[in-house]
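Happy to walk through this model with you, one question at a time. Let's look at it together and see how the pieces fit.

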Amino acid sequence: MAITTGQVTIDSATPVQLDTSSVSNFKMMLHNMSNTDNLYVGNQDVTPTTGFEVHSHVYLTLDCQPNDAVFVCSSNGTHTLSWMKIQ
């Protein structure tokens with residue numbers, strides 16, 4: 001089992017791709033580190049209107065397939081997302 005971790009700063013409604021390149025199934029864990037702002041998760045076209053909302057200080061686990069890509073964006077502020085990929 002390989003574990004990769006990282007953090008990314010989200011500061012706009014422009015989608016940011018997380019490190020999700022993989023040739024096998026993997027889990028992606030996301031933790032919204034903000035005290036006040038929500039994140040939105042989806043594909044390359046994710047927006048605050050269309051994305052899956054992740055509230056402040058909440059985490060989400062995704063079961064992903066090979067070549068899946070996870071994108072995140074924000075509707076407000078600048079905050080940090082911590083992530084962990086397990087494959």
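Strands here are DSSP runs of E with at least two residues, numbered from the N terminus. Keep in mind that this is a predicted model.

Q: In which loop is N67 found?
A: With strands counted that way from the N terminus, N67 can be placed by the strands on either side of its loop. Those strands are β6 and β7, so N67 is found in the loop between β6 and β7.

Q: Is N67 buried or exposed?
A: The cut-off for exposed is over 50% relative accessible area. N67 has a relative accessibility of 66%, so N67 counts as exposed.

Q: What is the phi of N67?
A: N67 is not a glycine, and yet its phi is positive. The value for N67 is about 70 degrees.

Q: What is the order of the strands in the open sheet of four strands?
A: Let's build it up from the pairs. β2 pairs with β7 (residues 71–74) over two bridges, β7 pairs with β4 over four bridges, and β4 pairs with β5 over three bridges. The pairing is antiparallel, and the order is β2-β7-β4-β5.

Q: Which strands stand at the edges of this sheet, and why is one side of each left without a neighbour?
A: An edge strand can be recognised by its partners: each of the two has a single partner strand, so one side of each is left without a neighbour in the sheet. The strands at the edges are β2 (16–17) and β5.

Q: Which residue in β7 is the bridge partner of V41?
A: Several bridges help to line up the strands. On the β2 side, V16 stands opposite V72 in β7, while L39 stands opposite S74 in β7. For V41, the bridge partner in β7 is V72.

Q: Which residue in β5 is the bridge partner of Y40?
A: β4 and β5 pair in the antiparallel sense over three bridges. For Y40, the partner in β5 is E53.

Q: Which residues of β7 are buried on each side?
A: In a regular strand the side chains alternate between the two faces of the sheet. Both faces of β7 are covered. On one side the buried residues are F71 and C73, and on the other they are V72 and S74.

Q: Which element gives the most to the largest nonpolar core?
A: The largest nonpolar core has 15 residues, and L18, M28, L30, V41 and L81 have the most contacts inside it. The elements giving two or more residues are β1 (3–10), β3 (26–32), β4 (39–42), β6 (59–64) and β8 (79–86). With three residues, the element that gives the most is β3.

Q: Which residues does L30 touch, not counting residues up to four places away in sequence?
A: L30 is one of the residues with the most contacts inside the core. Leaving out residues up to four places away in sequence, L30 touches L18, V41, V58, Y59, L60, L62, V70, L81, S82 and W83.

Q: Is C64 buried or exposed?
A: C64 lies in strand β6, and C64 touches N25, F26, M28 and V70 when residues up to four places away in sequence are not counted. The cut-off for buried is under 20% relative accessible area. At 5%, C64 is buried.

Q: What separates the C-alpha atoms of C64 and M28?
A: C64 and M28 are 36 residues apart along the chain. In space, their C-alpha atoms are separated by 7.1 Å.

Q: The side chain of which residue makes a polar contact with the side chain of H57?
A: H57 is found in the loop between β5 (52–54) and β6, and H57 is partly exposed at 42% relative accessible area. Not counting residues up to four places away in sequence, H57 touches H31, N32, M33, S34 and N35. The polar contact, at 2.7 Å, is with the side chain of N35.

Q: Over the ring of which residue does the charged end of K85 sit?
A: The structure holds zero aromatic pairs, but a charge does sit over a ring. The charged end of K85 is 5.8 Å from the centre of that ring, which belongs to F26.

Notes: Residues numbered from 1 in each chain as written. Predicted model: local features only at pLDDT ≥ 70, side-chain atom pairs only at ≥ 80, totals over all residues. Heavy atoms only, no water. Core = buried A, V, L, I, M, F, W, Y, C linked by side-chain atoms within 4.5 Å. Buried < 20%, exposed > 50% of the residue type's maximum accessible area, 1.4 Å probe, protein only. Contact = heavy atoms within 4.5 Å. Phe/Tyr/Trp six-rings, centres within 6.5 Å; stacked < 30°, edge-to-face > 60°. Lys NZ or Arg CZ within 6 Å of the ring centre and 35° of its normal. Polar contact = N/O pair within 3.5 Å; in protein donor to acceptor, adjacent residues only side chain to side chain. Pairing = 2+ DSSP bridges.
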